[in-house]
Each structure stands twice: as C-alpha cells, then as structure tokens.
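Biologist: Please give me a close look at the charged side chains of this protein and how they pair, and then set them beside its nonpolar interior. I would like the reasoning spelled out wherever a label rests on a threshold.

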Amino acid sequence: MDLVSESTNSTLSKIESPTSGSSITNNSISSGSSTPTSSRYENQKRRDWNTFCQYLRNHRPPLSLALCSGAHVLEFLNYLDQFGKTKVHNHPCPFFGIPNPPAPCPCPLRQAWGSLDALIGRLRAAYEENGGRPETNPFGSRSVRIYLRDVRDFQAKARGVSYEKKRKRPKPKITAPTTAS
C-alpha cells in the first residue's frame, strides 16, 4: 500500500483532540530511519500509517487526525480502489458469479477484500500506537466493519466464491489395527 513517496526528513507532529484534551502523535518516519530489526509487518504498518496521514493532509479541507471519523476512513478506502488489482464483476456483467471468466470484460479493478481487511487491522494498531484511544479509533468504527463485510460479500458473489469461516474438524481417531488370526 505504499502509495505515497516518503519524505527524506522525519517529521513529528502532535494533534490536539478538541473533545478529550488528549493528543495523538502523527509520526511520519522516513524509511532510512527505521531500525534494521523492524519486521515486514511493522514496516508495512508504518507505510500505511504515513499514507493515511498524507491522505488526510491532502484532503480538502485538510483534516486533523483527531477529527477523523469512520466516514473519512471509508473515503480513504474508496480512494484506494483506484490502485486495486482485483477484477470485481458488476451485476450486469455476463461473468458475474463465475470464478474463472473465459474472456476479458470492462469491469473495474478494485482492492481485494483481504487486502482492505489487513490494511484496516494495521491502521487500527498504528492509531493506538500513535496515542489514539481505542474507544475513539475510527478504523474500528461500526461503519468500517459494515463496509468491510459488504465488500467481502459482494466480491464473493461477483466471483462465485464463498468466504465462509473454515471450521476446525476434529482429528480422526486412530484405532489400533486388529490382527486376524
């Protein structure tokens, strides 16, 4: 999700929350200043956080992180759709509901549900790591959860694939073989 080139300088800004008096730290860290022990997950989380903060700065009018709501997160997810690589068939498409369509179609490329779900998980964690309170986390809002569920269901129907949870099957009991005499 590294959609914005990172600056070479590290910037740190504090955003005062008008409702709680608490502050949320908006860390934009350049890739050159990360420690060599950072995991892939931590690096991706940092890039996603920087991208979201850049999106808020470029928003018209610019938004502070403290004023960000679930609606702004949904705008961000819709913005990211333009960079998607997953073909999602629309209802009128003749390939709607067919897992492997036989021919190309004009349906749009969008972000896959799994990618969005993982992105929201990383941003939710990054928000709290940067001083946000869990109860005010816009990435965990009801509207975002409903949006993700709707995207999952629509993409499953469009591809003819279900996203049902896998149930753990009990391990088969191994019985000792009986010897015939």
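**Charged pairs and the nonpolar core**

Modeller: Let me begin with Glu42, which is partly exposed, its relative accessible area being 34%, a value that falls between the 20% limit for buried and the 50% limit for exposed. This is a predicted model, so every value here is computed from predicted coordinates. The partner of Glu42 is Lys45, and their closest N and O atoms are 3.3 Å apart, which makes the pair a salt bridge because the distance is within 4 Å. Both residues belong to helix H1, where they are three residues apart, or about one turn of the helix. Their surroundings deserve a separate comment, since Lys45 has a relative accessibility of 3% and therefore counts as buried, whereas Glu42 is partly exposed.

A second pair joins Asp81 to Arg110, whose side chains meet in a salt bridge with an N to O distance of 2.7 Å. This contact links distant parts of the chain, for Asp81 sits in the loop between H2 and strand S3 (86-87) while Arg110 is in strand S4 (residues 109-110), 29 residues apart. Here the acidic residue, Asp81, is the buried one, at 9% relative accessibility, and Arg110 is partly exposed, with a relative accessible area of 25%.

In a third pair, Asp153 forms a salt bridge with Arg152, again with the closest N and O atoms 3.3 Å apart. Both are partly exposed, Asp153 having a relative accessible area of 31% and Arg152 one of 25%. Elsewhere, salt bridges with shared partners bring Glu42, Lys45 and Glu129 together in one network. The structure holds six salt bridges, and the pairs described above are among them.

Turning to the interior, the largest nonpolar core has 25 residues, of which Trp49, Phe52, Val73, Phe76, Leu77 and Phe139 touch the most other members. At least two residues of this core come from each of helices H1 (40-58), H2 (70-80), H3 (113-129) and H4 (142-159), and H3 gives the most, with seven residues. Helix H1 thus contains both Glu42 and Lys45 and also supplies residues to the core.

Phe139 offers a useful place from which to inspect this packing: leaving aside residues up to four places away in sequence, Phe139 touches Trp49, Phe52, Val73, Ile120, Leu123, Arg124, Tyr127 and Val144. As a general background, nonpolar side chains tend to be buried together in soluble globular proteins, and side chains of opposite charge can pair when their charged atoms come close.

Note on methods: Residues numbered from 1 in each chain as written. Predicted model: local features only at pLDDT ≥ 70, side-chain atom pairs only at ≥ 80, totals over all residues. Heavy atoms only, no water. Core = buried A, V, L, I, M, F, W, Y, C linked by side-chain atoms within 4.5 Å. Buried < 20%, exposed > 50% of the residue type's maximum accessible area, 1.4 Å probe, protein only. Helix = DSSP H or I, 4+ residues; strand = E, 2+ residues; numbered from the N terminus. Contact = heavy atoms within 4.5 Å.
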